[in-house]
Amino acid sequence: MPGLTSRTLLYLLAGLVLVAWVGLIWGWPRLAGRGAGRIALRATALAVAQATMLSLILVAANRAGNFYSSWSDLLGRYSGGGRLTALHESRARSASAITVLGATAIRVPGRPRDTAVLERVRVHGQISGITMTAHVYLPPGYARGARAGTRYPVVVAISSAAGSRTSPYGSARLAASATREILAGRMRPSILVTLRPGPGTDRGCVNVPGGPQAAAFLTQDLPAAISTSYRVAVRPGGWGLLADASGGYCALATTLTSAAIFGAAALPPAGYQAPPGPPVVPHSPQFARQDNLLWLARHDPPQPVSVLFTGTTRAAAPFLALARAPMRAASTPLATGPWPLAHVLDWLGRALGPGQARA
Amino acid sequence: MGLTSGLFGWLTIIAAVGFGALTVWLWPRLARQRPTRIAARAGLVIGGQALVLIAVVTLLNDSFGFFGSWSELLGSGTVRQVWTAGAGTAASPARLVTITGSSIGTTYLGGSALHLSGGQLATGPGASALTARAGAGKGAGANSPARSGAVLRITVHGQYSGISEYDEYVYLPPQYFQPAYARARFPVVLALTGYPNDTINLMHLLHLPAIAARLTGAGQIRPAVYLMLNPSVALPRDTECTNIPAGPQVATFFGRDVPLAIEHAFRVQSARSGWSVIGYSTGAYCAAKLAMLYPDQFAAAVGMSGYYTAARDRTTGNLYGSSVAYRNENNLDWRLRHLPAPPVSVLVASSASGEKNLPGTLAFLHLIHPPMRGFSLILRHGGHNYFTWRRELPQALRWLSHLLTPALPGSAG
């Protein structure tokens, strides 16, 4: 008996089909007479012709799809499992995700127990392979809350001025502003992470196909690393983003595509129809649309996030018009004076708290 | 008239037989040896053959569940519904999963044996409500979920991707309904079918819950929740669990939306050590890919008769935004060569004789390096069919059981 997947069977069936069909069509007149016997013969000849063709088709299809490798396979005659082997027995020691490079205390005059800490860390992304330095701000009371196991929401501030001492988006002034707001009771105690938009050239922290997986770093590596080393509140969408113009695209893109992690963002209004730098994938209309945040806001399902545009309502109008429930969007100008981001930090604290965010 | 309905099936058979009868009856009229008559004879035989083929293919579809409906076969290949939470309200987590039917045992039989519907789910502190309601009136008799487990037919809504999947299934083991486990959280095995498939094949043809129940009863594996989903969210398109640029974000649906929805609706673990994926054929590719893309969500994956490169053919369409680089990122072999290996464990299964995918499987396996761990299960014989996968399941499920955090009786989670 030729094998189910053998060429022999295929040729055999093809031969049978040829004989049956030619014989049927050519020999037609011989079966044309009256009588039950003739009719039965006709039906039989027709059935044989069609059965052989059907068999040929099914055998050919089985060969193409490799469904049943043999007659035994077809009849379910194989039984039992196989050999299960491990390729590697040793587990690699994974490098620590967070290395603390230094720490500064932020003392408040007259309130020695409410000292905040600003750490400078190196974050090693195990999924993206990207390593970046960042600042981690731990709010007043963080150390005291250790015994109670108090957990904190996280705000990630993205700016090319992350290391600046003078920019309001730099780690130093953000730390001072957050401390002031938290101690005044206007802002919920939160952990702040300040970093640049990405390694090397700013591409809006998207995953560049074939290039740096910056989105994977921001949405997978950074949360994993921070959550392992610090007491982070666990809640879908429980992380926030704060950005200036240099980090604005990154913040909005991340909120719109990773709402499972980042549920609130504060950034300046702008067009955001393309990421900074050259097109992520040239000559691709699909990527052009995917990276056009206005297009995303218009065509994707509305995400359960809150977005605060730090600018005028008119400048923010295109996105404000597109925001549909459960997405909330609003605008507010930056404050004048020495604390331009104070009310923005307050808003983020509210947006990341339990319950409804009020934009 | 449904594609898989008995009515349609009989219609195709009647048409084929009827045409055959017609051919037999018309026979004498075509008996003269003239070119037109001969051509007509050929036409009748070919026409009849086509109808026979349609009847047979319909029968095969009924048996093997390739396409469960006309829209799955002939549809536009877009997601079935973009679900929005509704104006003015944040999505209520409970509504991410809707129960549309239930059966006691290891396969779905239609109906609602547990009398659950809509949003009647147990979450959080009320977790025992599902136990109580399911057990009410049935006691611990032979036909109760606490003895035989239960299969729920569900609809899953993706909060972030907007993708919804209808007529999917979840098997809750007997322990889920037992008082000793009333506050325990169970590990999850997310099972994915091949393409094109009806999700019910995971029960009718793969016998996944039945095999799991047998192994659990014999003490060989620990009880788990088996979530049974179709990787093709937009049939007849083969979306290959891909985040399609400017298109459906299918990877996000399985990697983020589904775990979120299931964690809200059932007493399951939320850490990655409690989540795994298993699949055959396209489901195998999806399982490995989801674990590799979302190692923060899945600890382990099993791929049976799979492929580990990025597919592209008539059924997938343009999945990668015309970008070779993006296609590479969806090629698991390429990822192992160019990106850091994720900290997950993957078991790949194939056959030494009978499977075309053996070389590809071994190539993928040998690219795996720490911190990713690779395992192989090679049968001596076996083709691309359910007999093969049923034989691979016991070892695969035992392997998963060792890796996943178990549900602890008498615990709070």
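## How two helices cross

In this predicted model, helices α4(A) and α10(A) cross in a right-handed way. Helix α4 of chain A spans residues 171-183, and helix α10 of chain A spans residues 342-351. Their axes lie 9 Å apart and meet at an angle of about 60 degrees.

Which residues of α4(A) and α10(A) make the contact? From α4(A) come S177(A), A178(A), R180(A) and E181(A), while α10(A) brings A342(A), L345(A) and D346(A). By character, the residues of this contact divide into three nonpolar, three charged and one polar.

## The sheet

Next, take a look at the strands of chain A. Nine of them form an open sheet with mixed pairing, and the order is β2-β3-β4-β6-β5-β7-β8-β9-β10. At the edges sit β2 (98-108) and β10 (328-331) of chain A, each pairing on one side only. From one strand to the next, the twist averages 20 degrees.

For a closer view, follow β4 (residues 131-138) and β6 (residues 191-195) of chain A, which pair in the antiparallel sense over three bridges. Here H135(A) has T194(A) in β6(A) as its bridge partner.

## Helices on the sheet

You have already met α4(A), and this helix also packs on the sheet. There α4(A) touches β2, β3 (111-124), β4, β5 (154-158) and β6 of chain A, and its direction makes about 140 degrees with that of β3(A).

Helix α6 (residues 245-257) of chain A packs on the sheet too, touching β5, β7 (239-243), β8 (262-267) and β9 (306-309) of chain A. The direction of α6 makes about 155 degrees with that of β8(A).

Terms used: Residues numbered from 1 in each chain as written. Chains lettered and ligands numbered in written order. Predicted model: local features only at pLDDT ≥ 70, side-chain atom pairs only at ≥ 80, totals over all residues. Axes fitted to C-alpha atoms, helices over the stretch in contact; angles between N-to-C directions. Helix = DSSP H or I, 4+ residues; strand = E, 2+ residues; numbered from the N terminus. Left-handed = near helix turned anticlockwise from the far one by under 90°. Contact = placed C-beta atoms within 7 Å. Nonpolar A, V, L, I, M, F, W, Y, C, P; charged D, E, K, R; others polar. Pairing = 2+ DSSP bridges.
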